[in-house]
Amino acid sequence: MEDACDNNNIGYNQLERNSLYIEAKKVELDISKISTPCGCDCSSLVSVCCICAGLPASYFYHGNICTTYTLRNACLSTGKFSALTDKKYLTQKDYLKRGDILLNET
């Protein structure tokens, strides 16, 4: 995620939200090496970061990268995530950890 944030070739563009994944595949999923301008939105960026971290793309990409509405199930299906929905996780920053995914499905 930090490499994506530091890469000026990656921008926000909902119409081209799949282009980040296309470009990431060209550089063997090393987002820091993307040199072609591409776009993503919030959920496609998180999905691509999960793939770049080594999770199977089949959980996150089926012709279209995950959307806000499908990201939770994709993450949970990998067995690598837990959904923390207790109030303390949703209202207190003290419970946030590096690598957490904050997802607003509404």
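**Salt bridges and overall fold of the predicted chain**

The structure holds five salt bridges, and the model in which they appear is a predicted one. Three of these pairs are described here, followed by the fold that carries them and a short stretch of backbone after helix α2.

One of the salt bridges joins the side chains of R98 and E2, with N and O 2.7 Å apart. This pair ties together distant parts of the chain: E2 belongs to helix α1 (residues 2-6), while R98 lies in the segment after α5 (87-91), 96 residues away in sequence. For anyone looking for R98 on the model, its side of the bridge is exposed, with a relative accessible area of 75%.

A second pair is formed by D41 and R17, whose side chains meet in a salt bridge at 2.8 Å, again from N to O. Here, too, distant parts of the chain are linked, and both partners sit in loops: R17 between β1 (10-12) and α2 (19-26), and D41 between β2 (38-40) and α3 (42-52), with 24 residues separating them. Are these two residues buried or exposed? Both D41 and R17 are buried.

K33 and D30 make up another of the salt bridges, and their closest N and O atoms are 3.7 Å apart. K33 is exposed at a relative accessible area of 54%. D30 has a relative accessibility of 24% and therefore counts as partly exposed, since the partly exposed class lies between the 20% limit for buried residues and the 50% limit for exposed ones.

Turning to the fold, the chain contains five helices and two strands. Read from the N terminus, these elements follow the order α-β-α-β-α-α-α. The radius of gyration is 14 Å, close to the 13 Å that the globule rule gives for 106 residues, so the chain is as compact as a globular protein of that length. The C-alpha trace spans about 40 × 25 × 25 Å along its principal axes.

Burial and contacts fill in this picture. Of the 106 residues, 32% count as buried. Among contacts between residues at least 6 apart in sequence, 54% join residues at least 24 apart. The accessible surface of the chain comes to about 7,200 Å², and carbon and sulfur atoms account for 49% of it. As for charge, the chain carries 11 positive and 12 negative charges, and the mean positions of the two sets are 6 Å apart.

Helix α2 offers a closer look at the packing. Its buried residues are S19, L20, Y21, E23 and A24. Which elements do the buried residues of α2 pack against? They pack against both strands, β1 and β2, and against helix α3.

The backbone after this helix is also worth a look. Most residues other than glycine have a negative phi. E28, which follows α2, has a positive phi near 55 degrees. L29 likewise has a positive phi, near 65 degrees, in a residue other than glycine. E28 is found in the loop between α2 and β2, and L29 has its place in the loop between α2 and β2 as well. Their side chains can be looked up on the model with these values in mind: E28 is exposed, with a relative accessible area of 75%, whereas L29, at 29% relative accessibility, counts as partly exposed.

Definitions and conventions: Residues numbered from 1 in each chain as written. Predicted model: local features only at pLDDT ≥ 70, side-chain atom pairs only at ≥ 80, totals over all residues. Heavy atoms only, no water. Helix = DSSP H or I, 4+ residues; strand = E, 2+ residues; numbered from the N terminus. Rg over C-alpha atoms; globule rule 2.2 N^0.38 Å. Buried < 20%, exposed > 50% of the residue type's maximum accessible area, 1.4 Å probe, protein only. Contact = heavy atoms within 4.5 Å. Areas by Shrake-Rupley, 256 points an atom, 1.4 Å probe, with all protein chains shown as cover. Lys, Arg positive; Asp, Glu negative; His and termini not counted. Charge placed at Lys NZ, Arg CZ, Asp CG, Glu CD. Salt bridge = Lys/Arg side-chain N within 4 Å of Asp/Glu carboxyl O.
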